[in-house]
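Reader: I am new to this structure and would like to learn how to read it. Could you take me through its charged pairs and its nonpolar cores?

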Amino acid sequence: MLILLAMTVVLAPADARKEKARRQLFPDGTPIPAWFADTTETDVSRLGRPYMITSYGVRNDSTVVQTEAIQRVIDQCSAEGGGVIVFPRGTFLSGSLFFKPRTHLMMSEGAVLKGTDAIADYAIVKTRLEGQTLDYFAALVNADGVDGFSISGKGTINGNGRRFWEEFWLRRKVNPKCTNLEALRPRLVYISNSNDVTVSGVRLINPGFWTNHIYRCKRVKYLNCYIYAPTEGLRAPSSDALDLDVVEDVLVHGCYMNVSDDAVCLKGGKGTWVDTIAGNGACRNVIIQHCRYGRAGAGITFGSESFDDRNVILRDCTFDGTSNLILFKMRPDTPQRYTHVLVENCSGMTRKGFSVNRWTQFYNRLPREDMPRSFVDSVTLRNVNLTCTQGFYMVNASDQYDVRNVTFENCQISDPVGKMDTSFIQNCKVENVIFKH
């Protein structure tokens, strides 16, 4: 016994070093850049001159739509070399705002940027939605081609979405096949074609449509944000917390997410010829860590508008009523390849755990002789402690896609099923997985 104890003491530091080294690698073995280790929130004092909106003709009046007055402050800030657009304590009603190069948004504690609930107050622009480029309504907060853009502070961006939700559900009653785009409503935040973006500390609530949509951006951080839409009573349809659409190097750290659809959802395009269409693309190097989830679709969703994702990590997160731990939506009309995914050190309660589902909503398979076969490859679930009310393992055999190289390691699961049939997974490893009823 004494000898074994001595060995434990000697080996523990080595094991700790090995674990630390492993956590510094993406699932495919490439090093995680040091950029991911910095979770410091934005220091606005380093971003230039502050532009307090109430000093430039914007009134602290929650009953008056002040889109034009606020936009003039943003335009002046950019023209004068840039700085920080500061919202002081109070509520300010606006339609779509467009941030320009060298401008930033700061929401002071007690400040609320509230979206108007009239769709006519949102500009129609060329934008990206549901895996395609089209003319549609701008978001409340927009930044296109604004490298270094930041949203910070302890205030709130409130989409004021109730009227849009009511109209959506009414349309669905009349036409059950009504699509998202047919129900005219704005997103909360849309950031596109921008690098080195940071959104930190703010509350992002009640979107009319998706809450945050990031398109064709590199090096994006969401730090310690509160993202919420109602999931009971009048639910906020399609209120995805964070849609990552053709991105590279994204860190989501310390956030709370409770929405009536996907939480973090990967996007990039859809359709039989998805990999040949300009504007579509891959998601690479995404880390979600130290987040808390309430109700939402999944900790991470490989979405129905996604087709090429690699190096995705979900770790050190807790769940309370979330639908899935991790969800792969497999479209028979789209060639999809999802590879090198790691889920570790996650705990709490979900309805389902590891889910790979055939997804046929708005199915549209076109002729293509060289259609690549879809697959989910190189997925590891490690150190997972979950209570799943429906079942942890929700994977079925399919003749339309492959699931291969999956590892389950050190998992303690409580669910009504109590087992996994992994016979149709190519090269599945199960080590120390304990089911409890």
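Author: Happily! Let us begin with salt bridges. This is a predicted model, and the count in it comes to 28 salt bridges.

Reader: How do I read a single one, and which side chains meet in a salt bridge at 3.4 Å?

Author: Look for the nitrogen of one side chain and the oxygen of the other. Here Lys126 and Asp135 meet in this way, at 3.4 Å from N to O. Lys126 itself is exposed, with a relative accessible area of 60%.

Reader: Where do Glu167 and Arg171 lie?

Author: Both lie in helix H3, which spans residues 162-174. They are four residues apart, about one turn of the helix. Their closest N and O atoms are 3.3 Å apart, and the two form a salt bridge.

Reader: Are Glu167 and Arg171 buried, exposed or partly exposed, and what is the area of each?

Author: Glu167 is partly exposed, with a relative accessible area of 32%. Arg171 is also partly exposed, with a relative accessible area of 32%.

Reader: Which residue forms a salt bridge with Asp308?

Author: That partner is Arg284, with the closest N and O atoms 3.1 Å apart. This pair links distant parts of the chain: Asp308 sits in strand E23 (residues 308-315) and Arg284 in strand E20 (residues 283-289), 24 residues apart.

Reader: Why does Asp308 count as buried?

Author: Buried means under 20% relative accessible area, and Asp308 counts as buried because its relative accessibility is 10%. Its partner Arg284 is partly exposed, with a relative accessible area of 24%.

Reader: Which residues are linked in a network of salt bridges?

Author: Follow the links from one charged side chain to another. The network holds Glu19, Arg22, Arg23, Asp316, Glu344, Arg382 and Glu409.

Reader: Now for the nonpolar side chains. How many residues does the largest nonpolar core have?

Author: The largest nonpolar core has 101 residues, and those with the most contacts inside it are Tyr222, Phe328 and Phe354. Strand E26 (residues 374-395) gives the largest share of this core, nine residues.

Reader: What does Phe328 touch?

Author: Leaving out residues up to four places away in sequence, Phe328 touches Phe302, Tyr338, Val341, Phe354, Ser355, Val356, Asn357, Val376 and Val379. There is also a second, separate core of eight residues, which includes Phe36, Ile287, Ile313 and Leu342.

Technical notes
Residues numbered from 1 in each chain as written. Predicted model: local features only at pLDDT ≥ 70, side-chain atom pairs only at ≥ 80, totals over all residues. Heavy atoms only, no water. Core = buried A, V, L, I, M, F, W, Y, C linked by side-chain atoms within 4.5 Å. Buried < 20%, exposed > 50% of the residue type's maximum accessible area, 1.4 Å probe, protein only. Helix = DSSP H or I, 4+ residues; strand = E, 2+ residues; numbered from the N terminus. Contact = heavy atoms within 4.5 Å. Salt bridge = Lys/Arg side-chain N within 4 Å of Asp/Glu carboxyl O.
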